[in-house]
Amino acid sequence: MIPVTFTYQRASSVDEAVDLASRGEETKFLAGGHSLLPLMKLRLAVPETLIDIGRLRELSYIRDDGSHLAVGALTSHHDVATSDVLARELPLLAHAASQVGDPQVRHCGTIGGSLAHGDSAADLPAVVLALDATMIVRGPAGTREIGASEFFRGLFETALEDGELLTEIRIPKPASPGWSFQKFTKRAIDWAIVGVAVQGGNVALVNMGQTPVRATAVEQALASGAAPGDAAAHAADGLTPSGDFSASRGYREHLARVLVGRALTESLTRN
Amino acid sequence: MKVTVTVNGSQVEAEVPDRTLLVHFLREQAGLTATNVGCDTSSCGACTVLLDGQSVKSCTLLAAQADSRAVQTMEGLASSDDPDAMHPVQRAFRAEHGLQCGFCTPGMVMAAVSLLAENSSPTEDEVRAALEGNLCRCTGYHNIVRAVLAAAGENQSAQAGAAAASERQA
Amino acid sequence: MSILGTRVVRTEDPRLLTKGGTYVDDMRLPGMARVTFVRSPVAHAMITGIDTSAALAAPGVVAALTAADLTDLGPPPPDDGSGGEVNETLPLPAGGPWTEPLFAVDRVRYVGEPVAMVITDDRYQGEDAAELVSVDYEPLPAVVGYDAALAGSTQLFPAAGTNVVVVGGAPADDSAFEGCEVVVERTFENQRLAPIPMEGRAAAATWEDGKLTAWVSTQNAQITRFVLAGVLGLDPGAIRVVAPDVGGGFGAKVALDRDAILVVWAAKHIGHALSWSETRSENLLGMTQGRAQRQTVKIGGSRDGRIQAYRLDIVQDAGAYPRMGGFLPFFTRLMATGAYDIPNVSAASTTVVTNATPIAAYRGAGRPEATAAIERAVDLFAAEIGKDPADVRRMNLIPDGKFPYQSPCGAVYDSGAYTGALDKVLAGAGYRELRAEQARRRERGDVLQLGIGVSSYVEITAADAAGGETAQLIVHDNGTATVYTGSSAHGQGHHTAWAMIVEAELGIEMAKVTVIHGDTDLIPLGTGTYGSRSLQLGGVAVHRTAVEVKEQARQLAADLLEASESDLELDTGSGTWQVRGDPASSKTWAEVASHAGDGGLTASVHHTAQPTFPFGSHVAVVEVDTETGKARLIRHVTVDDAGTVLNPVLFDGQRHGGIAQGVAQALYEEVAYDADGNPLTSTLVDYAAITAAELPSFELLTSETPADNPLGAKGIGEAGTIGSTPATQNAVIDAVSHLGVRHIDMPATPERVWAAINAARGTL
């Protein structure tokens, strides 16, 4: 229930945040804290230093930059979900953000925090993967860009090096307007047993592996003209979802096929 | 570290361990025990308070994150238990029997206040979805939902009345 | 017009809605330290060593205690002849070799069992210090599940020589099924559940000047006091137990359990004010859990729908210590026949121990299990003969003329109108229209199929009515009144209801009636609130004190008014005594009470009675996505007849809460362990507690068949749960019965439904 003792530091700028992180051992950034603090309370994460970046309002923004959207890493799920700009330009992202957790979680949790946490059962990693997003990252050596397909390395493992801070998520405006987000749970509040994010011909899956994954067999089938139902049959091809208390592997594979089919059908209605 | 939080309009300042959770800061340093701890996985919502007007789970925030910000707890909704002084949501919970043991109630009430601030006339489905992070074991939620809808209705009547009054004056 | 039967909002609420309740963890005792337990992380192991030295050196640690420190307990209870040495005993049903210790001594038997405690200045230090207590465990094979327990190759209590604690009931008699045209048999599970009241277990205590004061989150302070007196070897007069506001109980807070006993003992042992409230994870490991029966039903009858014989065999998982091992299946057997007039019914049970959290009472305590079994059996029978399950019920329900009804299981149902309840709920649900809609969807082959589930139930409330309940009423010189009740509300609204009873009888308005409960200094004798007993026992006790006070007052008023008693009337509207026909001659309660002399105007009653049997019928409507298996409850309609309704607000609130917990069992909740006895559902992320988003608003219909007591009341607290679980389970199965599915175990998770559809279709 109570985290192990740590030292709290507060950053007043992005540069200061990166600088503080470079000096400490076992440091973690604290944004909304709704991925990190629950782990710390169960003592599954024991950082020695927390660098609170929650006050960096300059990292909370949603900007239409013409060919792409720029979303600051500290934008809350609530702000992403209720953004008029995103409702118009990236409804997949806005809608998925509205499904994260519950209202209290959405008021605190941030898109950057969720992505940096790298949980393959979370909703937004699959969404940014489907949207071919680019992560803008600031570190001691400067700024770099990481494509979504390289960003997620494993369960709770991303391409972020120690001391690197995710500052922005840059998303190209989709060529095709069709989209759908299917999140399958037992109860509304649960993590997705399986989820599907579709944008045009891009199909990404939640909780079908150690990272969010693109359903490449489905995408290839679609590209070669297959109907949604036939393409969806390939949803689990080449994937190794886990079996756990929530669902067996076989059930996950079945759900992936069903949900991809539904997502593709819904996406078509939005074309 | 020193943490200063404005709680229900009053400044509370204390020297606390860095790892102090906001819910414990409220219950200990601020001496406000209405907000309860019901779980340890941010699942139950009993600890819900408003932070700068938005509902948050105070067990999943460090007190440090609320430093120099404003928190409102259920105790801050009404100055007395005189029914006429109660907040419409408190009044509605009483009228609709939206509580039994009372343990989830402070968090439930604050979640409802936040919902109505963002959506002044929710449908029943919207109310139920908005409360998915607030567990209650006693009521089966039936009367809680009625209470929230009733409070929304009261707000609507009040707003309509105010609008009508200002129309008459114009 | 009497206030009884009218909608009255609660007097408890203004405080709860503004300042909030005062639960144990809200209390700040001077100099108070915090208790944190060290618990076993393994399901079954020998303890070969405990080292608290690192913990004792940690910041803020006042003490670290283990079984070795339990040197100042009371004497063990007298040998009951059951054999085996008795150490660190608790007054539990199963003693002898099954004795449950306070701290684990040389063996742990479930994950979460308390092994030690650290006492620290604040709770944050407590969590740190608890991690520093070093316990050496030598793991033993874990006994997980019914079959492993029955096989007995590993025994939890070697001195007992078996894992079978108690066997009860009648042997099977196959001759009862001869002559049945149709016989259906099935084995299924009534799964283990966690009560999860929003407030977990909590206790605080002080030991000062030879007096022990304990604040416990309990459903009965008086019983708690006697338990503590026995365990600690103190005179009850040296103990005061207070139940502050209690955040839900549902049967799991009847008296107090070993963890709370240890907290109170520790306060005395080290002479320090202490407070303890468990975390949710501890609660999911350490608070007693409910249900956990494997049931085999055999039902036989004729093709026209008449049920002739029913047999129920139960294996009860008692968990690691058989606290209520025999008690719960006893009630299941008692109520096995349900609401039906079946000529041949018999039941038997075998209780086993397993390396899991101990099982005790949880909303219904043995009766939901009985109803779930017979209601599943009736649907299986109906499916076998191809008849509508509602029609089969109607054909077999106990007819009105047969009450009081002596059931073949030994219960005597007092009163009932079962067929009327069934017909009422079917009409209220629009059953025919629902079946028509179901047929249309089946015809079209819709993905979303409709399921309609029916249940009829009867249950036993105030089963321990012979123990009764206490009440004392005092009318004060200023015309106000105080009620001291032995009941112990933790959300049920007794303060409102008992004040209504006083107002109805005496005309003293509710605002002038104070109700007090849960303090043994003020109320030394009482039984408490569980088993849906309080209105029919505690409320009737209050009513009887009011009647006695009224008769005393009549004499006093006659004296004051210089009139004869027979000429006096009490005008309950104005709360005044008057000479009939002479309104000017009135005396107030204040005047009458002032005239009472030294003893004051007061009456005390200890009311005992007989159990009562509320009943009803539920209809659950679910939508099942036949591609994913996900079931959603879209309507729930009920008739719950618990006699005359005192306050519809409180009555319906109990139904709502009961229905939600019952639906939760059918669709979502279960406690699960892996093969090594490690819990898989030890947080609220994994234990699927039902939320508002999973439920519709409920449709409650009215039915009042009065009971034979002055309030006409039976108990409603558990009935909603008992009726809703089988209706919902039956609905899910009904939704996919056209695909060949006959049964799905609870909880009917999406994967289970999907697997059942596949199995019926012969696909994988």
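**Domain and chain contacts in the model**

Okay, so let me start inside chain A: the centres of domain 2 of chain A and domain 3 of chain A, taken over C-alpha atoms, sit 20 Å apart. Before I go on, keep in mind that this is a predicted model. That pair of domains meets through 20 residues of domain 2 of chain A and 21 residues of domain 3 of chain A.

For the bounds, the assignment splits chain A into domain 1 (7-52), domain 2 (60-172) and domain 3 (179-266).

Which elements of chain A supply at least two residues each to the side of domain 2 that touches domain 3? They are helix 5 (91-98), helix 8 (123-130) and strand 8 (152-154) of chain A. Helix 8 of chain A has the largest share of that side, with six residues. If you go by residue class, the side of domain 2 of chain A that touches domain 3 of chain A has twelve nonpolar, four polar and four charged residues.

Right, over to chain B. Here the assignment gives domain 1 (2-76) and domain 2 (83-169), and their centres, again over C-alpha atoms, are separated by 22 Å. Domain 1 of chain B brings 16 residues to the contact, and domain 2 of chain B brings 13 residues. On the domain 1 side, strand 3 (48-51) and strand 4 (54-57) of chain B each put in at least two residues, and strand 3 of chain B gives the most, three residues. What about charge on that side of domain 1 of chain B? There are no charged residues there, just seven nonpolar and nine polar.

Now between chains. Chain B and chain A touch through 25 residues of chain B and 24 residues of chain A. On the chain B side, the elements giving two or more residues are strand 4, helix 3 and helix 4 of chain B. Strand 4 of chain B has the largest share here, four residues. The class split for this side of chain B is ten nonpolar, ten polar and five charged.

Last one: chain B against chain C. How many residues of each chain are in contact? It's 46 residues of chain B with 43 residues of chain C. Helix 2 (88-95), helix 3 (105-118), helix 4 (124-130) and helix 5 (142-169) of chain B are the elements that each give two or more residues to that side of chain B. By class, that side of chain B comes out at 24 nonpolar, 14 polar and eight charged residues.

That's what I have; happy to rotate the model if anyone wants a look.

Definitions and conventions. Residues are numbered from 1 along each chain as its sequence is written. Chains are lettered from A and ligands numbered from 1 in the order in which they are written. This is a predicted model: local features need pLDDT of at least 70, side-chain atom pairs count only at pLDDT 80 or more; totals for chains, interfaces and linings use all residues. Domain bounds come from an automatic or database domain assignment. Two residues are in contact if their C-beta atoms, placed from the backbone, lie within 7 Å. Ala, Val, Leu, Ile, Met, Phe, Trp, Tyr, Cys and Pro count as nonpolar, Asp, Glu, Lys and Arg as charged, and the others, Gly among them, as polar.
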